Amino acid sequence: MIVYKYHDIVEDLKHRIAIGRYDDGFPSVRALSMEYQVSSRTVGKAFRILRQLGAIRTRRSGTRINLAHQPRTRTRIVVLLSSASLMRLSADRFSGALLQQVKAAGCTPLALSPPGPESESRRKFLDDNSVDGYIFLGMFDRELAREMQRRGIPFIGANRMPGSYRLNWVDWDHRAEFNATVAHLVAAGYRRLALFHYLFPGMLEHWRLIYNDFLAESREFQLRNPDLELFVPEHLWDCDEFIDFQLRQSHLPQVVIRIGETVDDLVCAMERRGLRPGRDWRILLARFAAGSDEIWANTLWNLFLRVLRNPFAPPRQIVPTPKMEFILL
């Protein structure tokens, strides 16, 4: 546990004032005592120093920021925690839409890999006061996220956090995504279906959450349609392994479902085995419809702004429903 001294609180409050966190109102001594887990006397010392510096002024109505003394507003820095570079993120449909939101707000985006578990690397990361907030584009690092939350460092995630951790995140409603895809094929008369889902590096925990959603929905479909054969594999993430597994079965699926942006990898793996889409089995590409990237980016950015204003507010978990489009090959 970090023990805050009054001079540490002074420096932290000066930084918060500089980035505009208290433009809508300065917190009370009691609120800051609870946040920093120190006595009111310690916070009172910090207030006296800030008044001497001219950073705040106290009236009967409460404490206010001295705008005349406030440093010139600088550009906010938003770090996207990802192993990809800004160039690669810009090329991605969804990350690119988020970058546009960051830049449109007048902020400077940076892309950094999350710090490793070594203590020195994490200490430098957690003590960096030049960054205004973080967005996890990959999976949360549990221990890092927990420490950031405890310190009041603004951050959110673009994926769900497994387990009971109460953090701020935005993630698609994967059950609705799967439901719409299978319902489209069932309505078209198909009954033997198989799902192929690519596993992104470092996303195993997130895939397990999605898999459980898919599995629950597939059981519901099979209860309503007893003649439906719906194969949802848990571990077949490689195209070649997936196709070899299907070829070993007594009969092939009518349609292989590919949820994503492209089916090129799946088609190439089929062609290497002399198979052709449309002749041996069909492929349904289920992808997010136009405008979904803007919905995702807007939702993520609005949550980030909320956390930036108050990192200690109760965490929110937002699950927007995607609009899907289907291409049957």
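**Exercise 1. The cavity lining**

By class, how many nonpolar, polar and charged residues does the lining of the largest cavity have?

*Solution.* Note first that this is a predicted model. Begin with the count of cavities of 30 Å³ or more: it comes to 1. The volume of the largest cavity is about 70 Å³. Next, list its lining. Met148, Gln149, Gly152, Ile153, Pro154 and Phe155 belong to it, together with Asn168, Val307, Pro311 and Ala313. Now sort them by class. Gly counts as polar here, and so do Gln149 and Asn168 by the rule for the others. The lining has 7 nonpolar residues, 3 polar ones and no charged ones.

**Exercise 2. The faces of helix α2**

Find which residues of helix α2 are buried, and decide how they are arranged around the axis.

*Solution.* Step one: locate the helix. Helix α2 spans residues 29-36. Step two: pick out its buried residues. They are Leu32, Ser33, Glu35 and Tyr36. Step three: look down the axis of α2. The buried residues fall within an arc of 165°, so they line one face of the helix. Step four: recall the general rule. An α-helix has 3.6 residues a turn, so residues three or four places apart point the same way. Step five: turn to the other side of α2. Arg30 and Met34 are exposed there. Step six: ask what the buried residues pack against. Their partners are α1 (6-18) and α3. Finally, step past the end of the helix. Just after α2, Gln37 has a positive phi of about 60°.

**Exercise 3. One residue in α3**

Is Ala46 buried or exposed, and which residues does Ala46 touch beyond four places away in sequence?

*Solution.* Place the residue first. Ala46 sits in helix α3, which covers residues 40-53. Then check its relative accessible area, which is 0%. Buried means under 20%, so Ala46 is buried. Now look for its contacts. Leaving out residues up to four places away in sequence, Ala46 touches Tyr6, Ile9 and Val10. Take Tyr6 from that list. Tyr6 and Ala46 are 40 residues apart along the chain, yet their C-alpha atoms are separated by 5.2 Å.

**Exercise 4. The whole chain**

What percentage of the residues in the protein chain is buried, and how many helices and strands does the chain have?

*Solution.* Start with the elements: the chain has 12 helices and 13 strands. Then take burial. Of the 329 residues, 47% are buried. Contacts come next. Among those with a separation of 6 or more, 69% link residues 24 or more positions apart. End at the surface. The chain exposes about 17000 Å², and carbon and sulfur atoms supply 51% of that area.

Terms used. Residues are numbered from 1 along each chain as its sequence is written. This is a predicted model: local features need pLDDT of at least 70, side-chain atom pairs count only at pLDDT 80 or more; totals for chains, interfaces and linings use all residues. Side-chain values use heavy atoms; hydrogens and water are left out. On a 1 Å grid over the protein atoms alone, a cavity is a set of points where a 1.4 Å probe fits but cannot get out, and a pocket is an open set with protein on both sides within 12 Å along at least five of seven lines; lining residues have an atom within 4 Å of a point. Grid points are joined across faces, edges and corners, and a volume is the space filled by probe spheres set on the points. Helices (H or I, at least four residues) and strands (E, at least two) are DSSP runs, numbered from the N terminus. Buried means under 20% relative accessible area, exposed over 50%, partly exposed in between (1.4 Å probe, protein chains only). Contact means heavy atoms within 4.5 Å. Accessible areas come from the Shrake-Rupley method with a 1.4 Å probe; for residues, only the protein chains shown count as cover. The arc is that of the directions from the helix axis to the C-beta atoms.
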